[in-house]
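Could you walk me through this model in my viewer, one selection at a time? I would like to know what to click on next and what to look for there.

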Amino acid sequence: EYIFSSKKLKSNALRSAEIAYVTSSEFFSDAAPDLYQPEEHLVYCGGGHSVLQFSDREAAVACVEAITEAAMRKFPGMEFFAKVMEYDSSKSPGENLMELSRKLEKKKALRASSFFALPTGLEAQDPENFRPVRLMEETDSVVESRMLVPPEGCAFPSEFEELTGEDNFLAVVHLDGNAMGTRVQAIYEQAGDDWTACCQKLRTFSEGIQRDFETAFSKMVDTLVSAIGHQLVHTDREGRRLLPIRPIILAGDDVCFVTAGDYALECARIFLEHLTKMSNVQDHLPYAACGGVALVHRKYPFHQAYELSEELCSNAKQFGASLDKKGRISALDWHIEFGQLKGNLADIREDYITEDGNRMELRPVLAVVPDEVSIDEETAAFRHYDWFRTMCEKLQGEKGSTARGKLKELRTAIKQGEVESRYYLHHQQIFRLLDHTFAARYRSDEARWEKLRRMYLQNEQAERTLFWQKQGETEKRCVFFDAIEMIDHWKPLKEGVL
């Protein structure tokens, strides 16, 4: 709420950086220089929360008082929670830390004793953001220095209007790391009863996550610039090229960024590809993450779009976990909103049920599947981002050959069911569109030649799939709809793609 209540894009990013700042060791040192020493008190910081240690309760309370007072004075409107708990020597370090987290979450859920500075009516007001204006400009400069720097000669946009592309859509992208709790639990087990070792491992793990997720984002932006740099014509006051993307949250494995709608899915895919090539410096395990992408009109309430992106990310996680319980699969889900959003994702997806009881969409889809994870061949073919990407390219390549109106009307036929869809393709004389499914399924030259060889030897006909049904499931899924729905709201990033 604190981040997204502002109507300005730059303010959203700045408020996110403020939260990172007030939960950092740097801020603790500034706020309580006589009470806090990093080498003595810091356990770890990351993801908008911190754990500190003290020799006695009085010292802990005094330091927390100083930190929270400084945070509330400098950042009116921010809600801040702290929990002091005595260490139980009969329990392991991991058990103590889990209990501390549980008690803090319980306190937050009850909104008990939160530190929240209300305006007194005497402050100057910022009419754009409806919040008191801070008078400490040096604080802003410190916060801004923590924000991610764009590539040289480029700038992140400050206003939502600078983001929307030709289709007047923008996208909110939320990404979240997989199985991080399991990895933290493994650190607890490795540390055993050694509190010092536990603190060191957690600190290294947390710092590694922050560094690696920021690196993945920066590499994704570099790939974007490599692909469309020649198309960037708008500049800021300093003459820097405005990018169609802006990071909002980079808090450990919790990432949110905003893009022009037509680049959103490609940016999310490229981020995941970069991220999954890296491993954490502490446990030496590779990362996996899932993403949710909400595409909305520029004037749509931003906080609602963010909530939808979180729900889509959660749905992608459930899909990935259904195929690999260890969380090694990176998956994506998305929704493009043409009108008024329904209550939640389950309500939204009810509109994607066909009249014959099947489904119009394939998503969520796989984005990155490591070699050690075994996925059945058909799921890997149909419910994969590469399938969607190939179908988008093929259908966009129909421009000039197939009327765009016929493709869009196919969506109505798909809603009516499989029989009506096939009838429509025959009636409109566009049944040949099903030939694109061959290229989407056999995506490499080697795979296509092998399939053609088998077809020749066995005298088979080319597959012309319209609806696909996974073995063991009762409903079919249309293999065309996702690409048809996004045909005017998706652009490939071909240059510099991994």
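Start by selecting H49, which lies in strand β2, residues 49–52. Keep in mind as you go that this is a predicted model. H49 has a relative accessibility of 38%, so it counts as partly exposed. Now add T23 to the selection: its C-alpha atom is 5.6 Å from that of H49, although the two residues are 26 apart along the chain. Beyond the neighbours within four places in sequence, H49 is in contact with T23 and Y44. Show the side chains of H49 and Y44, and you will find a polar contact between them at 3.4 Å.

Next, move to helix α10, residues 302–323. With 22 residues at 1.5 Å each, this helix should span 32 Å, and the distance between its end C-alpha atoms, 32 Å, agrees with that. Colour its buried residues: F302, A305, Y306, L308, S309, L312, C313, A316, F319 and G320. They lie on the same side of α10, because the arc they cover around the axis is only 160°. The spacing has a simple background: an α-helix has 3.6 residues a turn, so residues three or four places apart point the same way. Turn the helix around to see Q318 and S322, which are exposed on the other side.

While F302 and Y306 are still on screen, add F4 and F160; these four residues form one aromatic cluster.

How many aromatic pairs are there in the model? The count comes to 18. For one of them, select Y21 and F75: the ring centres are 6.3 Å apart and the planes meet at 80°, so this pair is edge-to-face. Y21 belongs to helix α1 (residues 9–22) and F75 to the loop between α4 (57–74) and β3 (79–80), so the pair links distant parts of the chain, 54 residues apart. Y21 is buried, at 3% relative accessibility, and F75 is buried too, with a relative accessible area of 0%.

Another pair to pick is W334 with F388, which is tilted, with 4.7 Å from centre to centre and 50° between the planes. Here strand β13 (residues 330–336) supplies W334 and helix α13 (residues 385–396) supplies F388, again linking parts of the chain 54 residues apart. Are W334 and F388 buried or exposed? Both are buried.

Finish with two arginines. The charged end of R15 sits over the ring of Y2, 5.3 Å from the ring centre. Then select R349, whose charged end sits over the ring of Y352 at 5.9 Å from its centre.

Conventions:
Residues numbered from 1 in each chain as written. Predicted model: local features only at pLDDT ≥ 70, side-chain atom pairs only at ≥ 80, totals over all residues. Heavy atoms only, no water. Helix = DSSP H or I, 4+ residues; strand = E, 2+ residues; numbered from the N terminus. Buried < 20%, exposed > 50% of the residue type's maximum accessible area, 1.4 Å probe, protein only. Contact = heavy atoms within 4.5 Å. Polar contact = N/O pair within 3.5 Å; in protein donor to acceptor, adjacent residues only side chain to side chain. Expected span 1.5 Å × (residues − 1). Arc of directions from axis to C-beta. Phe/Tyr/Trp six-rings, centres within 6.5 Å; stacked < 30°, edge-to-face > 60°. Lys NZ or Arg CZ within 6 Å of the ring centre and 35° of its normal.
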